[in-house]
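Student: Could you walk me through one part of this model up close? I'd like a connected tour of a binding site rather than a list.

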Amino acid sequence: MSRQAFQLRKNSGSALSRTERDIAAIGVIFAALALFVGTGSSVFIHLTRHLLFGEANDDTILTTALLLNIALIVFGWRRYVDLSREVAARREAETAALRLADTDPLTGLENRRSFDVTLTRMAQATTHDGGSLALILIDLDQFKTANDAHGHKTGDTVLIEAARRAKVMLGVDAALARLGGDEFAALVRFAPGADARGQAERIATRIGAAIALPIDCDDTIVTVTASIGIACDRIAPDRASCDGFGEALMHQADLAMYQAKKAGRNRHCWFDPEMETEILERSRLEQGIRHGLRNGEFRPHYEKQVNLATGAITGLEMLARWHSPDLGVIGPDVFVPIAEEIGVMPELSEALIRQALIDAGEWAPHLTLAINISPVQLRDPWFAQRLLKLLIEARMPPHRIDVEVTEQCLTENLTLVRSLITSLRNQGVRISLDDFGHSESSMAHLRTLPFDRIKIDRNFIAGLGQSADSTAMVEAISAMGRGMDLAITAEGIESVEILDELRKLGAFRGQGYVYGQPLSADDLRTELVELNLLAVVPTPVPLTGDRHRA
Ligand code: C2E
Ligand code: CA
Ligand code: CA
């Protein structure tokens, strides 16, 4: 039993004994009154005469009893009044406690506990009358940012205002609750035969639009949006029995809300049974990734990086592949975002880098190794130390390593990222800005961070010779690279024609399918042997006595 429930029971227990005490107090008063009436009438006249006219009072015992009776009545009455006051105060406190247990103190809305009760009650009612229900789950999108940026007081104002606006948009046959944090739930009841879906859709649209309007928070204006998931009771299982109905409806609205977030936030989505399959698929992938990480199923593949002028291989970019026994070979676009989300990306990346360093130890020493780093790794203040430790363990000179960061890595905590990049560069590691031109902030980043190289996004390269824009862009980047003394790599070169175009535009390095698909470590090794690009392993010299002395 919860502490609250226990407290409530305890309170109601003491209310019962108070009622008994009330009866006892009233009993005392009535007994005293009965005695007063019984003895009082005869004794009272004698007593009055004795007090007023000094006549002798021959009934002293009865007089004393009468006085005692009066005292008892006064005492009993006072006790009764005190007890009544105490009982009223306690009842008020109990009502307040009950209200608090059912209400969210900040917004005054129902809380999760009472919403569950409302959900069950409304489900029973609609089962009975043939009506229907829609559950609308509302989650604010940028609330955490607003809270962190402007403080908790502003955050509270945003929550209160969002709750108020949502409430205004709901009709009378609806309940609204704050489930916790920045999550709200509305339950709307529709009459039999009503267009529940159409109406719920309109309500969700109105709630979303109302919440998105700027919120005036005293000294600042905050704008948040909402991601909304809607589930309708028709799809929920066990409708008839109501067993687990509320939970199922909530689960479905939650999936729909997750979908709204995934689709870009600030929108609403309806639950679709396919979402269930997707979530199962996703959890299979999550488990697979964790398992694969333990089993060494993630392996580095390598893409050649070539000097376009000479055609010579200058280095290799490590691209991760997941060799899943169940799913086959999976690319990083599938597993990297999930690994980032479930928090295993740093561990996964370290395992891959460790393996890549072993592989690179076999290559000719002038070949560089490029590694891709995820934004989550650059949130770790110890990242530079970790990487340098791996290099020391593998006896790999830092100047052979090229760390590729995307602009995504530069969107948060730029100070930390700058210090990590600077400390890696001080150790001799080169830093490249990957997918350059992909975002509008590319130029700003180039000016503020010490990069060695930029890699032109493959979308511009693909358009070379076909789109004037792409050619102009590559020309401009080439000129800028010369001006800023930055080396340039063109990636995603798919054809000889593009290669020819690029050669006209400047002295680049390049990579892409024109040089073949990324290779496994073994396949790469075979190619490097043919090209005579493996490290020359010194033939062991026997330790003769003479050499030993020298
Ligand atoms: P990226 O760094 O831009 O890598 C180049 C991607 O383009 C690779 O895809 C590569 O296979 C593909 N590619 C190469 N040449 C061509 C071409 O001529 N045409 C086209 N259309 N594509 C080409 P992949 O291997 O699927 O990797 C995708 C992204 O995943 C990479 O993009 C990189 O950002 C990321 N990634 C790969 N490995 C890792 C890793 O170990 N850690 C992290 N954090 N990210 C990784
Ligand atoms: Ca890359
Ligand atoms: Ca790239």
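Which of the 22 residues around ligand 1 come nearest?

Tutor: Bear in mind that this is a predicted model. Of the 22 residues around ligand 1, Glu 303, Arg 321, Arg 458, Glu 494 and Tyr 513 come nearest. Sorted by class, that shell holds 9 nonpolar, 4 polar and 9 charged residues.

Now for the setting. Ligand 1 sits in the largest pocket, and several elements supply at least two shell residues each: strand 9 (313-324), helix 9 (332-341), helix 10 (345-360), strand 11 (368-373) and strand 13 (430-436). Strand 9 gives the largest share, with 4 residues.

Next, the polar side chains facing the ligand. Glu 494 has a side-chain N or O atom 2.6 Å from a nitrogen atom of ligand 1. On the oxygen side, a polar side-chain atom of Asp 434 is 3.0 Å from an oxygen atom of ligand 1, and for Asn 372 the corresponding distance to a ligand oxygen is 3.1 Å. As for burial, ligand 1 taken alone exposes 790 Å², and the protein buries 86% of that.

Keep Asn 372 and Asp 434 in mind, as both turn up again among the protein donors of the calcium ion (ligand 2). The full set there is Glu 317 through OE, Asn 372 through OD1, Glu 404 through OE and Asp 434 through OD, lying 2.1 to 2.3 Å from the ion. Along the sequence, these donor residues follow the spacing E-x54-N-x31-E-x29-D. Distant parts of the chain get linked this way: Glu 317 is in strand 9 and Asp 434 in strand 13, 117 residues apart.

Then there's the calcium ion (ligand 3), 4.0 Å from the calcium ion (ligand 2), with Asp 434 bridging the two. The protein donors of ligand 3 are an OD atom of Asp 434, an OD atom of Asp 435 and two OE entries from Glu 491, at 2.1 to 2.7 Å. Their sequence spacing reads D-D-x55-E. Asp 434 lies in strand 13 and Glu 491 in strand 15 (residues 487-491), so this pair ties together parts that are 57 residues apart in sequence.

If you want one residue to centre your view on, try Asp 434: it coordinates both calcium ions, and one of its polar side-chain atoms is 3.0 Å from an oxygen of ligand 1.

Terms used:
Residues are numbered from 1 along each chain as its sequence is written. Chains are lettered from A and ligands numbered from 1 in the order in which they are written. This is a predicted model: local features need pLDDT of at least 70, side-chain atom pairs count only at pLDDT 80 or more; totals for chains, interfaces and linings use all residues. Side-chain values use heavy atoms; hydrogens and water are left out. A residue is near a molecule or strand if one of its heavy atoms lies within 4 Å of it. A polar contact is a pair of N or O atoms within 3.5 Å; within protein, one must be able to donate a hydrogen and the other to accept it, and residues adjacent in sequence count only if both atoms are side-chain atoms. Accessible areas come from the Shrake-Rupley method with a 1.4 Å probe; for residues, only the protein chains shown count as cover. On a 1 Å grid over the protein atoms alone, a cavity is a set of points where a 1.4 Å probe fits but cannot get out, and a pocket is an open set with protein on both sides within 12 Å along at least five of seven lines; lining residues have an atom within 4 Å of a point. A molecule sits in a cavity or pocket if more than half of its atoms lie within 2 Å of its grid points. Ala, Val, Leu, Ile, Met, Phe, Trp, Tyr, Cys and Pro count as nonpolar, Asp, Glu, Lys and Arg as charged, and the others, Gly among them, as polar. Donors are N, O and S atoms within 2.8 Å of the metal (3.2 Å for Na, K and Ca); water is not among the atoms, so sites may look incomplete.
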